[in-house]
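Hi everyone, thanks for coming. I'd like to walk you through a structure that is new to most of us, so please have a look at it first.

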Amino acid sequence: MYHVRFLKVPYIVPPEAGHRPRRKLGSSHSTAPPSTSKDHVIFQLMVTIVTELGDNYFYGTANVRAILYMIRSDGSESVLGIERSQWTMGMRALPITISVLKSQMKKVVASHIKFKVVINISDFSDKSPLFYDSQQAPVKALFLTVSSLAFSFTPVKVIYEDDHGLYAQRLIPLANMKPLILYEEIGDSMAKHLWDSGVFLCQYLSQSLSNLELFKLQFPHYSSILEIGCGCGTVGIAMSEIYPSATVLLTDLESAEDVCTRNISIHPQKKNLSFITYDWDKSENTSETIAQVERTWDIVIACDCTYNPDSFDIFTDALERVMTNPASRLLLLHKERHGSENMVFDMLREKNGLSLIWKHELDPVPLKARVEVFARK
Ligand SMILES: C[S@@+](CC[C@H](N)C(=O)[O-])C[C@H]1O[C@@H](n2cnc3c(N)ncnc32)[C@H](O)[C@@H]1O
């Protein structure tokens, strides 16, 4: 999957900078109108299209649409215009200029309206597919759309509420329920972004809601759910939507706390959803943390946490401490990056006494991935 990411969220070019708008918002031809920035509000932004680890830029051509929305105080939204740009092979960053007639904006700015820019891909040609299915056939590229947070603006700057534009929003389509809205950090650092596995697992779980075999037989109890290594909280938050009455505790290292608590805060109706820092390395946790995390859970989730053989010892030790309930189920998503990762399954069997009771191959996805449920023997 490719992630469309903001390298720079929308910012404003002050009129005195003398920029000339490339073309009017929404027009499909590239001739600039006979107008200067005195007549326009000009937003600049920068995006990239990259794999989750940020190690491969999309190699192909893609029509990139920057859609400027206005958001009314009742939450309803409408499109103010669409700016189309082209991503071409070899690109690493795509600057986008959105220019809107001031006369058009004045009408809406007066009435406390906010704005956001959504970036999506409308058409593409993948010249060098990176991803193959289990039959080694190229898999059609998938793109994860991104949205800026809501902003207002003055003639000289864009104003984001409390985070100075450091975050963007993702909207993950789920089956049988509303899309899941999540924050992630902008920029090309690896941390605090959504991961492919989390997105695929929560989509799979939402599709499987009506699947009795998975949800009723494999998870006979589901009133308490713990996620370890939760990242932005994608899977745990989706689980709290699937099992609204369950208590869901999300855990990860301190570096994930800010983004994950933000994601919890946009689901205020979920009273039983919380985050606490918890390191798989026992020596790093306080007694207070230990008391909250190392107790009995019906379901323990670990999604894409089995990629680093150096962590297998502390990962499986942590599972031992949080799966004290003999009826606990472990829901694991494993993405096959390297053969040495398979060692963790021997450890789950031999050290943790867990056996596989359910398995589903996610296919076709970039890199083979499996959803598995383990239970005590
Ligand atoms: C590939 S990410 C997956 C995140 C999330 N589960 C998802 O699928 O979106 C792996 C996560 O494991 C966490 N992690 C790595 N080592 C850890 C440790 N020692 N203790 C707790 N979490 C850890 C990382 O901080 C990261 O958020």
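Let's begin at Tyr 2, which stands opposite Phe 143 in strand E7. What we have on screen is a predicted model, by the way. That pair belongs to the contact between strand E1, residues 2-12, and strand E7, residues 143-144, which pair in the parallel sense over 2 bridges.

Now, which strand does E1 join by 8 bridges? That is strand E2, residues 40-51, and here the two run antiparallel. If you want a spot to look for, find Arg 5, which sits opposite Thr 48 in E2.

From E2 we can step across again. E2 and E5 are joined by 8 bridges and also run antiparallel. For a landmark, take His 40: its bridge partner in E5 is Leu 101.

Put those steps together and you get an open sheet of 4 strands, in the order E5-E2-E1-E7, with mixed pairing. Which strands are at the edges? They are E5, residues 94-101, and E7, since each of them pairs on one side only.

Let's move on to the ligand. How many residues surround it? There are 19, and the closest are Trp 195, Gly 198, Gly 229, Gly 231 and Cys 303. The elements giving two or more residues to this shell are helix H2, at 196-207, and helix H4, at 234-242. As for the character of the shell, its residues divide into 9 nonpolar, 6 polar and 4 charged.

That's my tour, and I'm happy to go back to any part of it.

Methods
Residues are numbered from 1 along each chain as its sequence is written. This is a predicted model: local features need pLDDT of at least 70, side-chain atom pairs count only at pLDDT 80 or more; totals for chains, interfaces and linings use all residues. A residue is near a molecule or strand if its C-beta atom, placed from the backbone, lies within 6 Å of it. Ala, Val, Leu, Ile, Met, Phe, Trp, Tyr, Cys and Pro count as nonpolar, Asp, Glu, Lys and Arg as charged, and the others, Gly among them, as polar. Two strands pair if DSSP finds at least two bridges between them.
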